[in-house]
Structure formats: C-alpha cells, structure tokens
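Me: I am new to this structure and would like a close look at one part of it. Please take the helix packing around the nonpolar core and walk me through it.

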Amino acid sequence: MNAKTVRDTIIKPKLVEIFGVLIANSLLSKATLAGIRGETEKDKLQLMVDCICTDPKVKGMWGNAQTLRQKEEWLNNIQ
C-alpha cells in the first residue's frame, strides 16, 4: 500500500473511531501536509504518522505507550 491508501483505509477509520470526524480530519490534514515533504512512500507515511502521534490530543487520549504501539502498527502497513 502507498501512504495515501494507508492514511485513508487504516489511519483515518481509527482516528474517527477514537476522536470523531472533526478532530480526525484536523489531524489528517496536518499529517497530509507533513507527508508532502517525503520523497518515498515510506518517508511520507513516516512523516504523517509522526505528525499524528506527536499531537497533544493523541498523546493525551492514548498515553505514550499506546501511541507508540499504534505508530508501529501504522508504519508496518507500508511496503
């Protein structure tokens, strides 16, 4: 899968489930902008996931350990 597919089919549903549509869309917008700088699909996904996982709302909801587990899970979806 490419970074956009991972974002749309894996990351977005999880964020919507946990945070609701408005916050999820805000997180994804910031993540998409961050991902533009990546040269490869792996770089793009890394930048997007880093952006999401460093957001205070995410860390506040999940805590450090769960955020790290979720980050690793998302990153394992890129080929």
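Reply: What follows goes through the core, the helix pairs around it and a few single residues.

Keep in mind that this is a predicted model.

Start with the core. The largest nonpolar core has 18 residues. Ile-11, Leu-15, Leu-45, Ile-52 and Trp-74 touch the most other members. Four helices, α1, α2, α3 and α4, each give two or more residues to this core. In soluble globular proteins, nonpolar side chains tend to be buried together.

Take Ile-11 as a way in. Leaving out residues up to four places away in sequence, Ile-11 touches Val-6, Leu-28, Leu-45, Val-49, Ile-52 and Trp-74. Of these, Leu-45, Ile-52 and Trp-74 are also among the core residues that touch the most other members.

Now the helix pairs. First come α1 and α2. Helix α1 covers residues 3-19, and helix α2 covers residues 21-35. Their axes come within 7 Å and cross at roughly 140°. Angles over 145 degrees would count as roughly antiparallel. This crossing, at roughly 140°, therefore makes α1 oblique to α2. The crossing is right-handed. On the α1 side, the contact is made by Arg-7, Ile-11, Lys-12, Leu-15, Val-16 and Phe-19. On the α2 side, Val-21, Ile-23, Ala-24, Asn-25, Leu-27, Leu-28 and Thr-32 take part. By class, this contact of α1 with α2 has 9 nonpolar, 2 polar and 2 charged residues.

Next, α1 and α3. Helix α3 spans 41-53. The axes of α1 and α3 come within 10 Å and cross at roughly 20°. An angle under 35 degrees counts as roughly parallel. So α1 is roughly parallel to α3. Here too α1 passes α3 in a right-handed crossing. From α1, the contact uses Ala-3, Lys-4, Val-6, Arg-7, Ile-11 and Leu-15. From α3, it uses Glu-41, Lys-44, Leu-45, Met-48, Val-49 and Ile-52. The contact of α1 with α3 divides into 8 nonpolar, no polar and 4 charged residues. Ile-11 and Leu-15 of α1 also take part in the contact with α2.

The third pair is α3 and α4. Helix α4 spans 56-75. The two pack at an angle of about 165°, with their axes 9 Å apart. That angle is why α3 counts as roughly antiparallel to α4. The crossing of α3 past α4 is right-handed. Helix α3 brings Leu-45, Gln-46, Val-49, Asp-50, Ile-52 and Cys-53 to the contact. Helix α4 brings Val-58, Lys-59, Thr-67, Lys-71, Trp-74 and Leu-75. By class, the contact of α3 with α4 has 7 nonpolar, 2 polar and 3 charged residues. Leu-45, Val-49 and Ile-52 of α3 also belong to the contact with α1.

Look closer at α4. Thr-67 lies in this helix. Thr-67 has 4% relative accessibility, so it counts as buried. Beyond residues up to four places away in sequence, Thr-67 touches Cys-53, Val-58, Lys-59 and Trp-62. Cys-53 belongs to the α3 side of the contact with α4.

Glu-72 lies in helix α4 as well. Glu-72 is partly exposed, with a relative accessible area of 44%. The C-alpha atoms of Glu-72 and Thr-40 are separated by 18 Å, and these residues are 32 apart along the chain.

Finish after α4. Ile-78 is found in the segment after that helix. With 14% relative accessibility, Ile-78 counts as buried. Ile-78 and Asn-2 are 76 residues apart along the chain, yet their C-alpha atoms are separated by 6.3 Å. Setting aside residues up to four places away in sequence, Ile-78 touches Met-1, Asn-2, Ala-3, Glu-41, Lys-42 and Leu-45. Among these, Ala-3, Glu-41 and Leu-45 also take part in the contact of α1 with α3.

How values were computed. Residues are numbered from 1 along each chain as its sequence is written. This is a predicted model: local features need pLDDT of at least 70, side-chain atom pairs count only at pLDDT 80 or more; totals for chains, interfaces and linings use all residues. Side-chain values use heavy atoms; hydrogens and water are left out. Axes are lines fitted to C-alpha atoms, for helices over the stretch in contact, and angles run from 0 to 180 degrees between N-to-C directions. Angles under 35 degrees count as roughly parallel, over 145 as roughly antiparallel, 65 to 115 as roughly perpendicular and the rest as oblique. A crossing is left-handed if the near helix is turned anticlockwise from the far one by less than a right angle, and right-handed if clockwise. Contact means heavy atoms within 4.5 Å. Ala, Val, Leu, Ile, Met, Phe, Trp, Tyr, Cys and Pro count as nonpolar, Asp, Glu, Lys and Arg as charged, and the others, Gly among them, as polar. A nonpolar core is a set of buried Ala, Val, Leu, Ile, Met, Phe, Trp, Tyr and Cys residues joined through side-chain atoms within 4.5 Å. Buried means under 20% relative accessible area, exposed over 50%, partly exposed in between (1.4 Å probe, protein chains only).
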